[in-house]
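Subject: Handing over a structure, with notes

Dear colleague,

I am passing on the structure below, and after it you will find my notes on what turned up when I went through it. Please read them with the coordinates open.

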Amino acid sequence: MDQRISLYVLGLSYSQLQSGAYALVLAEENGPRRIPVVIGASEAQSIAIALEGIRTPRPLTHELFVSFAHAFGVKLKEVFIYRFEDGVFSSEITFSDGDRTVVIDSRTSDAIAIAMRTQTPIYTTEEIMQTAGFVIADEEIRAEDDTDADTEETEAPSRRQSDYHAEPKPENFTIEQLEQTLAELIDKEEYEEAEKISEILQRKKNNLNPEI
């Protein structure tokens, strides 16, 4: 059996490879390697909601699935990303009702969205980590943040003036304002805008805690 590597969800970002898609970043437990998984907008919204711990007015598809499983005494044991081929990750979910254990094939995005709602462990193989993984040093991330800050400070005065009377930008909101805005968007079921706000909120939180 291949050596299994434990993973956790690090965050989401817009995909640079596919228009209208997102990159779900999975991180190695106690290690520097990351795996980017390209997922659709609806799955990204579901994962973003789980990341923020938001309760929607009505259950989303993945929440309904979890409620259904729990109602019949079925527990999720693990998510296993077992193959990476032609840029596509293949995953399976292991369920158990105490008497039987069943393994079901799943899209990786769906498996992760369900795992996040049940605190189910996520695993992959060392081979996949070596093939699809990458490493970003903390210093590189901080250097990029510093560069962005310097760029904002050196913007041309004409651009600053033209933006002065514009609507407040979410990037300039406080964390509390972003959290309130996110909750309001979720209540209105405006999930596409909610995902954008969630990404900004997560980035601000990461900047406050660069060690995470």
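Glu 28, Arg 33 and Glu 126 are joined to one another in a network of salt bridges. Please keep in mind throughout that this is a predicted model. Over the whole structure, the search finds seven salt bridges, and several of the others deserve a description of their own.

Glu 78 and Arg 4 form one of these through their side chains, with N to O at 2.4 Å. Since Glu 78 belongs to strand S4 and Arg 4 to strand S1, the pair ties together parts that are 74 residues apart in sequence. Glu 78 counts as buried, at 17% relative accessibility, whereas Arg 4 is partly exposed, with a relative accessible area of 30%.

A salt bridge also links Glu 43 with Arg 107, where the closest N and O atoms are 2.7 Å apart. Here Glu 43 comes from helix H1 and Arg 107 from strand S6 (residues 101-107), so this pair connects parts that lie 64 residues apart in sequence. Glu 43 is buried, its relative accessible area being 11%, while Arg 107 is partly exposed at 48%. Arg 107 has a further salt-bridge partner in Asp 110, with N to O at 2.9 Å, and Asp 110 is itself buried, with a relative accessible area of 19%. As background to these pairs, side chains of opposite charge can pair when their charged atoms come close.

The strands come next, beginning with S2. Seven of the seven residues of S2 are buried, and the cover extends to both faces, with Tyr 22, Leu 24, Leu 26 and Glu 28 on one side and Ala 23, Val 25 and Ala 27 on the other. S2 pairs with S1 in the antiparallel sense over seven bridges, and with S3, also in the antiparallel sense, over six bridges. Leu 24 of S2 stands opposite Leu 12, and in S3 the bridge partner of Leu 24 is Val 37. S2 and S3 form a hairpin with four residues between them, and Asn 30, in the turn, has a positive phi of about 55°.

Arg 34, placed in strand S3 (residues 33-39), may interest you as a charged residue to inspect. What is its relative accessible area? The value is 16%, and Arg 34 is therefore buried, the cut-off being under 20%. Its side chain reaches the backbone oxygen of Gly 31 at 3.3 Å, and a polar atom of that side chain lies 3.2 Å from the backbone oxygen of Pro 32. Leaving aside residues up to four places away in sequence, Arg 34 touches Leu 10, Val 25, Leu 26, Ala 27, Glu 28, Ala 132, Gly 133 and Phe 134.

The nonpolar interior can be described in two parts. The largest nonpolar core has 30 residues, and those with the most contacts inside it are Leu 24, Leu 26 and Ile 112. At least two residues of this core come from each of strand S1 (4-14), strand S2 (22-28), S3, H1, strand S4 (75-85), strand S5 (88-96), helix H3 (108-118) and helix H4 (126-132). H3 gives the most to this core, with six residues. Ile 112 touches Val 9, Leu 24, Leu 26, Ile 47, Val 79 and Ile 122, again not counting residues up to four places away in sequence. A second, separate core has 13 residues, among them Ile 49, Ile 175, Tyr 191 and Leu 201. For context, in soluble globular proteins nonpolar side chains tend to be buried together.

Lastly, helix H1 allows a short check of geometry. At 1.5 Å a residue, the twelve residues of H1 (residues 41-52) should span 16 Å, and because the end C-alpha atoms are 16 Å apart, the model agrees with that expectation. The buried residues of H1 are Glu 43, Ala 44, Gln 45, Ser 46, Ile 47, Ala 48, Ile 49 and Glu 52. Just after H1, Gly 53 takes a positive phi of about 70°.

With best regards

Conventions. Residues numbered from 1 in each chain as written. Predicted model: local features only at pLDDT ≥ 70, side-chain atom pairs only at ≥ 80, totals over all residues. Heavy atoms only, no water. Expected span 1.5 Å × (residues − 1). Buried < 20%, exposed > 50% of the residue type's maximum accessible area, 1.4 Å probe, protein only. Polar contact = N/O pair within 3.5 Å; in protein donor to acceptor, adjacent residues only side chain to side chain. Contact = heavy atoms within 4.5 Å. Core = buried A, V, L, I, M, F, W, Y, C linked by side-chain atoms within 4.5 Å. Salt bridge = Lys/Arg side-chain N within 4 Å of Asp/Glu carboxyl O. Pairing = 2+ DSSP bridges.
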